[in-house]
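Please open the model in a viewer and keep the selection panel at hand. The tour proceeds from the whole chain to individual residues.

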Amino acid sequence: MVATFVRDSRALASLAVPLALTQLAQVALTTTDTVMMGLIGVEALAAGGLAIVIFNQLRTMGVGLVTAVGNQIAATVARAESAAPDGQREQADEEVRDLVRASLALATLAGLAGAVLMVLIGHAVMWLGQDPKVVDAAEPVLYAMAPGLIPCLWFQAIRQFTVGMRRPQALLRITLASIVVNAGLNWALIHGTWFLPELGLPGVGLATTVVHVLSSLALYASARRDPRLAPLLSLNVWRSRGQTLRRLIRLGTPIAATYGSEAGFFSVVALLVGGFGTAALAAHTAVNQLVYIVFQIAVGLSHAASIGVSRELALNNLAAARRLKNTALICAAAVMAVVAVIYLSVPAVVLAPFMGPGEHAARDIAADLLMVAALLQFFDCAQNIGVGLLRGLDDTKGGFRITIVGYWLIGLPVAWLLGPVTGNGTVGIWLGLLTGLAATAILLLRRFSLSIARLHLQTISTA
């Protein structure tokens with residue numbers, strides 16, 4: 001049993017570690033943005049945080065549309081590797097090329113639609129109880145960030161291609177380089193350093209857009225240099241088969257809705273918190289960013305487990321697929337336990353990069369939120385792994401339905417009850433957030449276990 005767990009852990013880690021490190025490097029981009037905004041002031045942090053919430057909402061849904069590409073490529077490659085005839089492998093290569101073309105076409109359409117929606121939502125939040133000064137300061141940031149959504153989704157489409165081919169190593173190098181570029185551009189565009197204009201807070205949004213453009217070009221160039229990836233990376237999006245595009249839309253729409261449901265839940269929570277004032281929203285922005293950082297570890301584990309389930313299912317190895325769930329959850333729980341100890345032991349150190357020493361009100365609220373986050377992150381990671389496991393089974397609709405129940409029918413009412421209704425403020429809202437994540441995680445993992453058991457019975461009955 002122990003030997004099997006060690007073997008499975010190593011196999012999972014071989015894909016999960018580079019993905020998790022890439023995710024952590026990517027979130028360092030928004031963390032750098034958050035720190036830079038905090039240096040400007042609390043109002044800038046609140047306004048920039050609102051802009052990031054809106055951007056992340058639409059980016060997350062766009063990423064969901066192309067996420068299934070990795071699973072489809074992994075299954076296609078697994079079937080080809082287990083087949084002897086060369087003709088089948090050539091056919092699989094053409095299928096992979098078509099999946100890449102279709103994913104880039106889908107990413108372009110989603111990016112255009114999302115950029116327009118980002119600007120419209122930026123104007124609409126005025127009617128959702130937000131401070132008018134914060135909304136006015138957030139709007140130019142959104143204008144600067146909106147064009148970056150398109151190259152951001154191009155990057156994600158190519159990323160899913162490399163992950164499905166189990167060759168994600170270049171992702172980390174590119175993302176690490178982008179952190180340095182982003183930090184330099186942030187500082188230069190905020191303060192007008194070198195030949196660049198002094199833009200203040202909107203400079204953060206423009207820097208983000210430029211970095212997304214450079215990152216997508218770098219990942220494309222890296223894939224072109226890979227002898228295995230280059231022949232399969234086709235940009236002829238007009239040659240995408242309608243059948244392939246429809247399949248990706250059919251699989252990707254529920255994933256986008258699932259991701260959007262989760263991100264929307266967090267966005268509505270941010271709006272609820274914003275009703276308690278600028279200090280509360282600044283505290284929420286800082287702690288939410290910390291949760292988002294740690295969440296990337298779960299994203300790496302979720303993607304790796306999802307790709308693994310797709311491969312094992314293609315090879316009809318249900319026992320290995322079942323073990324992937326347990327391995328991913330155990331690894332995630334170990335990391336979350338370490339993070340919880342840090343949150344509870346040195347909250348002042350954890351919050352120091354986001355808030356100055358004189359911002360006592362925001363700091364006190366954030367310290368209370370860290371105590372909730374210490375437990376919340378266990379369920380946040382578990383639900384994300386659950387979504388990935390179901391995606392490996394091509395069960396994307398089930399995950400969406402469960403998030404509707406967990407987030408919106410359980411979590412949001414509890415957040416409203418424990419926050420604005422009972423007067424417990426931001427902490428009460430976060431307890432509702434925790435409740436929604438816990439309910440969602442339990443339901444997702446239960447559905448995966450039942451689905452594997454059902455497939456096992458079908459296999460026995462047809463044997």
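Among contacts in the protein chain between residues at least 6 apart in sequence, what percentage join residues at least 24 apart? The value is 82%. Please bear in mind throughout that this is a predicted model.

**The whole chain**

Begin with the protein chain in cartoon representation. Its secondary structure amounts to 14 helices and 0 strands, so that every element listed from the N terminus on is α. Rotating the C-alpha trace onto its principal axes gives spans of about 70 × 50 × 40 Å. The radius of gyration of the protein chain is 22 Å, in agreement with the value near 23 Å that a compact globule of 463 residues would have.

Next, switch to a surface view. The protein chain exposes about 18600 Å², and carbon and sulfur atoms supply 68% of that area. Of the 463 residues, 57% count as buried. Colouring by charge brings up 31 positive and 23 negative side chains; the centres of these two sets lie 12 Å apart.

**The nonpolar cores**

Return to the cartoon and select Ile73, Met118, Phe161, Val287 and Trp430. These residues have the most contacts inside the largest nonpolar core, which comprises 126 residues. Helix H2, residues 42-81, contributes the largest share of this core, with 18 residues. In soluble globular proteins, nonpolar side chains tend to be buried together.

Now centre the view on Ile73 alone. Which residues does Ile73 touch, not counting those up to four places away in sequence? They are Val96, Leu99, Val100, Phe161, Gly164 and Met165. Of these partners, Phe161 also appears among the core residues with the most contacts.

To find a second, separate core, select Ala25, Leu29, Ala188 and Leu189. These four are included in that core, which has 10 residues.

**Helix H9 at two positions**

Select residues 278-314 to display helix H9, in which Arg311 is found. Is Arg311 buried or exposed? Arg311 counts as buried because its relative accessibility is 17%, below the 20% cut-off. Leaving aside neighbours within four places in sequence, Arg311 is in contact with Ala74, Ala78, Glu81 and Arg166.

Then move along helix H9 to Ala279, which also has its place there. With a relative accessible area of 27%, Ala279 is partly exposed. Ala279 touches Ala361, Ala362 and Ile365, again not counting residues up to four places away in sequence. Add Ala366 to the selection: its C-alpha atom is separated from that of Ala279 by 9.3 Å, although the two residues are 87 apart along the chain.

**Two loop residues with positive phi**

Most residues other than glycine have a negative phi. The last two stops depart from that tendency.

Select Arg166, already encountered as a contact of Arg311. Where is Arg166 placed? Arg166 has its place in the loop between helix H5 (149-164) and helix H6 (169-191). The phi of Arg166 is positive, at about 60 degrees, although Arg166 is not a glycine. Its relative accessible area of 33% makes Arg166 partly exposed.

Finally, select Asp394, in the loop between helix H12 (360-392) and helix H13 (396-421). Asp394 has a positive phi near 65 degrees and is likewise a residue other than glycine. With a relative accessible area of 41%, Asp394 is partly exposed.

Conventions. Residues numbered from 1 in each chain as written. Predicted model: local features only at pLDDT ≥ 70, side-chain atom pairs only at ≥ 80, totals over all residues. Heavy atoms only, no water. Helix = DSSP H or I, 4+ residues; strand = E, 2+ residues; numbered from the N terminus. Rg over C-alpha atoms; globule rule 2.2 N^0.38 Å. Buried < 20%, exposed > 50% of the residue type's maximum accessible area, 1.4 Å probe, protein only. Contact = heavy atoms within 4.5 Å. Areas by Shrake-Rupley, 256 points an atom, 1.4 Å probe, with all protein chains shown as cover. Lys, Arg positive; Asp, Glu negative; His and termini not counted. Charge placed at Lys NZ, Arg CZ, Asp CG, Glu CD. Core = buried A, V, L, I, M, F, W, Y, C linked by side-chain atoms within 4.5 Å.
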